[in-house]
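Trainee: Could you take me through this model, showing how each kind of feature is read before we apply the reading to the case at hand?

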Protein chains: 2
Amino acid sequence: MRPASEQLLQRISDRLKGMADPMRLRILHTLQDGEKCVNEILTEVGGSQANVSKHLGVLKRTGLVECRREGVSIYYRIEDPAVFAICRTVCDSLERHVSNEMQEIEAGRAEMMVGAS
Amino acid sequence: MRPASEQLLQRISDRLKGMADPMRLRILHTLQDGEKCVNEILTEVGGSQANVSKHLGVLKRTGLVECRREGVSIYYRIEDPAVFAICRTVCDSLERHVSNEMQEIEAGRAEMMVGAS
DNA sequence: AGCAAGTATAACCACTCGGTAATATACGAC
DNA sequence: GTCGTATATTACCGAGTGGTTATACTTGCT
């Protein structure tokens with residue numbers, strides 16, 4: 001097994017950390033259908049202007065989004081669609097997890113029924 | 001586009017946060033080839049016992065690993081191999097990112113050369 | 001130049017996080 | 001029971017995070 005260099009691990013965890021926030025996930029999600037300026041993002045995801053701007057800064061620093069200026073507006077767009085693949089993978093995993101929980105609950109219930117007089 | 005419920009976003013970000021740390025990635029990586037007890041993990045990933053134990057706690061709370069007791073030892077194992085798919089996706093994305101940077105540097109250099117007398 | 005709109009930044013606060021050192025717990029051997 | 005080993009937990013600290021409010025910056029318009 002490869003030793004998985006410290007640098008690589010650091011970069012992976014940075015990127016994951018960049019995504020690991022509900023507000024930022026909302027922003028990424030709303031950018032899924034094309035670039036949008038801050039105002040549009042703001043009305044779609046809610047929250048204060050300063051807060052959204054800060055989260056956009058985090059996303060930009062992390063390399064998850066890019067932006068360009070057009071007049072007085074600044075348009076943000078997804079820099080790497082891999083984000084969505086990651087989200088999908090996590091969602092699938094969560095679904096499996098939940099269905100496992102359900103099965104265990106079912107099994108537990110069945111066992112209780114056997115034990116019951 | 002689906003509104004992507006607040007709960008789901010919270011769970012996704014929790015899971016990402018659970019992975020978003022170099023030490024935890026190292027632990028997950030070392031568990032890739034089967035379950036290991038804390039001592040084994042400890043010697044493979046380094047760091048203090050308390051620290052590794054705490055990170056293992058985080059991984060367990062997040063639902064990324066499971067554990068079982070065998071005598072005095074406690075064996076941990078990956079609960080959901082989706083972790084590796086996520087890492088692979090991030091790595092691929094990083095590689096693309098880096099190669100883009102390289103191209104831009106190359107392009108920039110070429111331009112400079114043109115400008116030079 | 002001055003003003004307004006869009007966006008970013010600074011200062012601050014409560015809170016979480018990653019780390020360490022020390023202590024507690026659980027188990028097996030004796 | 002005591003002792004030693006394996007692991008978890010506690011208490012603490014410095015650093016970072018997510019949020020708010022207020023302020024600054026940048027651009028277009030007049």
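**Strands, a helix and a DNA surface**

Mentor: Keep in mind throughout that this is a predicted model. Let us start with strand pairing, where one looks for the bridges and their sense: strand β1 (residues 36-37) of chain B pairs with β3(B) in the antiparallel sense, over two bridges, and within this pairing C37(B) stands opposite Y75(B) of β3(B).

Trainee: Over how many bridges do β2 (residues 65-70) of chain B and β3(B) pair, and in which sense?

Mentor: They pair over six bridges, in the antiparallel sense, and R77(B) in β3(B) is the bridge partner of E66(B). As a general idea, side chains in a regular strand alternate between the two faces of the sheet.

Trainee: What lies between β2(B) and β3(B)?

Mentor: These two strands form a hairpin with two residues between them, and G71(B), which belongs to the turn, has a positive phi of about 65°.

Trainee: Turning to a helix, is α2 (residues 22-30) of chain A mostly covered or mostly open?

Mentor: For burial one asks whether the relative accessible area of a residue is under 20%. By that reading α2(A) is mostly covered, with eight of its nine residues buried, among them the nonpolar-named positions L25(A), I27(A) and L28(A) as well as R24(A) and H29(A). At the start of this helix, a side-chain oxygen of D21(A) comes to within 2.9 Å of the backbone nitrogen of M23(A).

Trainee: Which residues are closest to DNA strand D, and how many surround it?

Mentor: Here nearness is judged by a heavy atom lying within 4 Å; 20 residues surround DNA strand D, and the closest are K54(A), H55(A), N39(B), Q49(B) and Y76(B). They divide into eight nonpolar, eight polar and four charged residues.

Trainee: What part of the DNA does the protein approach?

Mentor: Of the atoms of DNA strand D within 4 Å of the protein, 63% belong to sugar or phosphate, the rest being base atoms. Individual distances add detail: a polar side-chain atom of H55(A) lies 2.4 Å from a phosphate oxygen of DNA strand D, a polar side-chain atom of Y76(B) is likewise 2.4 Å from a phosphate oxygen of that strand, and for V38(B) it is a backbone N or O atom that lies 3.2 Å from a phosphate oxygen.

Trainee: Which elements give two or more residues to this surface?

Mentor: They are α4 (49-61) of chain A and, from chain B, α3 (38-45), α4 (49-61) and β3 (73-78); the largest share, four residues, comes from α4(A).

Notes: Residues numbered from 1 in each chain as written. Chains lettered and ligands numbered in written order. Predicted model: local features only at pLDDT ≥ 70, side-chain atom pairs only at ≥ 80, totals over all residues. Heavy atoms only, no water. Polar contact = N/O pair within 3.5 Å; in protein donor to acceptor, adjacent residues only side chain to side chain. Pairing = 2+ DSSP bridges. Buried < 20%, exposed > 50% of the residue type's maximum accessible area, 1.4 Å probe, protein only.
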